[in-house]
Amino acid sequence: MSTVSSALPKQRNPIRPARVLLHTFLALTALAWLAPLLWAIFSAMRPYSETSNRGYLSWPHTLNFDNFKNAFEQSDMTHYFMNTLVIAVPAVLLTLFLSSMVAFYVARFDFRVNLFLLLVFTAGNLLPQQVIITPLYRMYLLTNLPGITASGKLYDSALGLVLIHVAFQSGFCAFVLSNYMRSLPHELTEAALVDGASVWRLYWQITLPLCRPAMAALATLLSIWIYNDFFWALVLISTGENMPITSALNNLSGQYFTDPNLVAAGSLLTAIPTLLVYFALQKQFVSGLTLGSAKG
């Protein structure tokens, strides 16, 4: 009986029109999402002389990586990559550390000001950057830091950018981490308190290791947000050599002429670190975003 049943061809489910429409819609959406990236790659691999003569919609006769090489050399990307590294790494670490401490206090201790404290941290994300830039700019000019920064002020320094990123991103991180810490079993904290563990040990050795998925997801988002920032660096940095990588593309623009193919190549080069961060933390990022989705 088993031999006869195994010899029979398996019946395939009929293809439903709704499923065909769904897959067609998803394919078109993915293509529309990837179209700007594919067009940038296509333009970056063509010389400007060819596109200026034949047009961007013409069939390519020359495809090479000369624009990528020229963009990397002309914009001095190595220097600006290091500037961004000096800003992004401390900003991400400080934001995660400080916001996790706030989230631990809000989630693990029952005080009347817990909700108000969380609202204060979260409300900072609701303020548009353009609203506070004028008083913030004047405050940075008036803050003297002799011997600490090269400029002697908080203005035009990497420290100033680190502090403003920490201030603006801590609210969102504290909100996410506090919600995640509330889902952790309280029996762990109670058992540690009975054994005589201090508050710092509860935070550092018990609660924080359990928050690794959420921390990895936030670290990915923070790295991308801070790396791609242009507004704060444009306003709070005046020296060109202190600018982050997003400002290096300005070196590819001439006073009277700008090669769009060269700029496209430079833009693609600046996007590589964010892709590396995402692929390195992809597993933790996805698991952090789906936390609690299976809980009823």
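Tutor: Buried means under 20% relative accessible area, exposed over 50%, and partly exposed in between (1.4 Å probe, protein chains only). This is a predicted model: local features need pLDDT of at least 70, side-chain atom pairs count only at pLDDT 80 or more, and totals for chains, interfaces and linings use all residues. Residues are numbered from 1 along each chain as its sequence is written, and side-chain values use heavy atoms, with hydrogens and water left out.

Student: Is Leu22 buried, exposed or partly exposed?

Tutor: Leu22 sits in helix H2; helices are DSSP runs (H or I, at least four residues), numbered from the N terminus. Its relative accessible area is 45%, so Leu22 is partly exposed.

Student: How far apart are the C-alpha atoms of Leu22 and Thr51?

Tutor: Along the chain, Leu22 and Thr51 are 29 residues apart. In space, their C-alpha atoms are separated by 37 Å.

Student: What is the area of the nonpolar surface patch that includes Leu34?

Tutor: Leu34 also belongs to helix H2, residues 17-44. Its relative accessibility is 41%, so Leu34 counts as partly exposed. Patch members have over 30% relative accessible area and no salt bridge, with nonpolar side chains (Val, Leu, Ile, Met, Phe, Trp, Tyr) joined within 5 Å. Leu31, Trp33, Leu34, Leu37, Leu38 and Ile41 make a patch, with a Shrake-Rupley area (1.4 Å probe) of about 640 Å².

Student: Which residue forms a salt bridge with Arg46?

Tutor: A salt bridge puts a side-chain nitrogen of Lys or Arg within 4 Å of a carboxyl oxygen of Asp or Glu, and a search of the whole structure finds one. Arg46 is buried at 0% relative accessibility; its partner is buried too, at 9%. The closest N and O atoms are 2.8 Å apart, and the partner of Arg46 is Glu50.

Student: How many disulfides does the structure hold?

Tutor: A disulfide needs two cysteine sulfur atoms within 2.5 Å. The sulfur of Cys211 is 12 Å from the closest cysteine sulfur, in Cys173, so that is too far for a bond. Cys173 is buried at 0%, and Cys211 is buried at 0% as well. The number of disulfides is zero.

Student: How far apart are the end C-alpha atoms of helix H8?

Tutor: Helix H8 covers residues 158-182, which is 25 residues. The expected span is 1.5 Å times one less than the number of residues, so H8 should span 36 Å. The model agrees, with its end C-alpha atoms apart by 35 Å.

Student: Which residue is at the centre of the kink in H8?

Tutor: The bend is the angle between axes fitted to the seven residues ending at a residue and the seven starting there. In H8 the kink is about 40°, centred on Ser170.

Conventions. Patches are made of residues with over 30% relative accessible area and no salt bridge: like charges are joined within 9 Å, nonpolar side chains (Val, Leu, Ile, Met, Phe, Trp, Tyr) within 5 Å. Helices (H or I, at least four residues) and strands (E, at least two) are DSSP runs, numbered from the N terminus.
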